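Okay, thanks for squeezing me in today. I've got one structure to walk you through, so let me put it up on the screen.

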Amino acid sequence: MESEYKLLGGAMVTLALATSALVVVPYLQVKRVEPSPGLKPYTEVELRGRQEYIDMGCVYCHSQQPRSQNQAPDFQRGWGRASVAGDYYYDTPHLLGTMRTGPDLLNIGARQPSVDWHLGHLYQPRAYTPGSNMPSYPFMFELKDKAEEGDKVVNLPGEFAPEGKVVVAKQEALDLVQYLLALDRTYPVSPASVIK
């Protein structure tokens, strides 16, 4: 009977230590985080695009957390500086991601600031990145005989352009691209907030 109490007591102490290390201490570290200087709240269009990002499952293949130079070659890959807690101040839920089937996207707005590139890449990724395993999203676009006033036409490389038709971006594609362009965390951060 005494060994059962010792086992139960040991289990409770272990659970308490694990909870404090994995929940309480991190909460205390980030509960007073302020937005990084230079970080702007998302606009309404960017928030709609962020929801598209979630709905399309982009988070399953792309992370949004470049790691420090001593942990991974993310900086050498051109993905930008290591992220800090303040970079995610306006992100609810956080879209850090767990897989990197595709590149990290936290700074894609700085690396690829072209609306046309992003639209073309969404319509046919292999037209812009040969060998890409990213799926295409043609349902975010319309094929028309002729563009109408106000349409955003997607100019594709010759062999990827549909013959006799124009590709026009729907609003959800335009919103998603605005969100991707908002992912630009190239502003400087204080050295104290960067993990070495």
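Let's start inside, at Gly120, which counts as buried because its relative accessibility is 0%. Keep in mind as we go that this is a predicted model. Gly120 sits in helix α4. If you leave aside its neighbours within four places in sequence, Gly120 is in contact with Pro125, Tyr128, Val154 and Leu156. Take Leu156 from that list: Gly120 and Leu156 are 36 residues apart in sequence, yet their C-alpha atoms are 6.1 Å apart in space.

Now zoom out to the helix itself. Which residues of α4 are buried? For α4, residues 115-123, they are His118, Leu119, Gly120, His121, Leu122 and Tyr123. And what covers them? The cover includes two helices, α3 and α5 (171-182), along with the strands β1 (141-144), β2 (153-154) and β3 (166-169). Have a look at the start of the helix too: Ser114 caps the N-terminal end of α4, with a side-chain oxygen 3.4 Å from the backbone nitrogen of Asp116.

Next, the loop between α2 and α3. I'll stop at a few residues there. His62 is in that loop, and at 12% relative accessibility it counts as buried, since the cut-off is under 20%. The side chain of His62 reaches the backbone oxygen of Pro103 at 2.8 Å. Not counting residues up to four places away in sequence, His62 touches Tyr53, Gly97, Met99, Gly102, Pro103 and Leu105.

Asn107 is found in the loop between α2 and α3 as well. Asn107 is buried, with a relative accessible area of 2%. With the residues up to four places away left out, Asn107 touches Pro66, Trp79, Gly80 and Arg81, and also Leu183, Asp184, Arg185 and Thr186.

One more stop in this loop, for the backbone people. Most peptide bonds are trans. Here, the bond from Thr92 to Pro93 is cis, with omega near -5°. Pro93 lies in the loop between α2 (44-55) and α3 (108-111).

On to charges. How many salt bridges are there? The count comes to 11. I'll pick out three. Asp87 pairs with Arg81, and the closest N and O atoms are 2.9 Å apart. Asp87 is buried at 0% relative accessible area, and Arg81 counts as buried too, at 19%. Remember that Arg81 also turned up among the residues that Asn107 touches.

The second one is Asp104 with Arg100, where the closest N and O atoms are 3.3 Å apart. Asp104 counts as buried, at 0% relative accessibility, whereas Arg100 is partly exposed, at 25%. This pair also belongs to a network of salt bridges that links Arg67, Asp74, Arg77, Arg100 and Asp104.

The third is Glu148 with Lys144, with 3.7 Å between the closest N and O atoms. Is each partner buried or exposed? Glu148 is exposed, with a relative accessible area of 52%, while Lys144 is buried, at 13%.

Right, now over to the other end of the chain. The chain is divided into domain 1 (1-32) and domain 2 (44-193). Taken over C-alpha atoms, the centres of domain 1 and domain 2 are separated by 41 Å.

Helix α1 covers residues 2-30, and Tyr27 has its place in it. Tyr27 counts as exposed because its relative accessibility is 53% and the cut-off is over 50%. Which residues make up the nonpolar surface patch? Leu22, Val23, Val24, Tyr27 and Leu28 do, and the patch comes to about 530 Å².

Leu17 is also in helix α1, and at 55% relative accessibility Leu17 counts as exposed. If you go from Leu17 to Tyr187, you cross 170 residues in sequence and 37 Å in space, C-alpha to C-alpha. Put that beside the pair I opened with, Gly120 and Leu156, at 36 residues and 6.1 Å.

That's my tour. Happy to spin the model round if anyone wants another look.

Terms used
Residues are numbered from 1 along each chain as its sequence is written. This is a predicted model: local features need pLDDT of at least 70, side-chain atom pairs count only at pLDDT 80 or more; totals for chains, interfaces and linings use all residues. Side-chain values use heavy atoms; hydrogens and water are left out. Helices (H or I, at least four residues) and strands (E, at least two) are DSSP runs, numbered from the N terminus. Domain bounds come from an automatic or database domain assignment. Buried means under 20% relative accessible area, exposed over 50%, partly exposed in between (1.4 Å probe, protein chains only). Contact means heavy atoms within 4.5 Å. A polar contact is a pair of N or O atoms within 3.5 Å; within protein, one must be able to donate a hydrogen and the other to accept it, and residues adjacent in sequence count only if both atoms are side-chain atoms. Patches are made of residues with over 30% relative accessible area and no salt bridge: like charges are joined within 9 Å, nonpolar side chains (Val, Leu, Ile, Met, Phe, Trp, Tyr) within 5 Å. Accessible areas come from the Shrake-Rupley method with a 1.4 Å probe; for residues, only the protein chains shown count as cover. A salt bridge is a side-chain nitrogen of Lys or Arg within 4 Å of a carboxyl oxygen of Asp or Glu.
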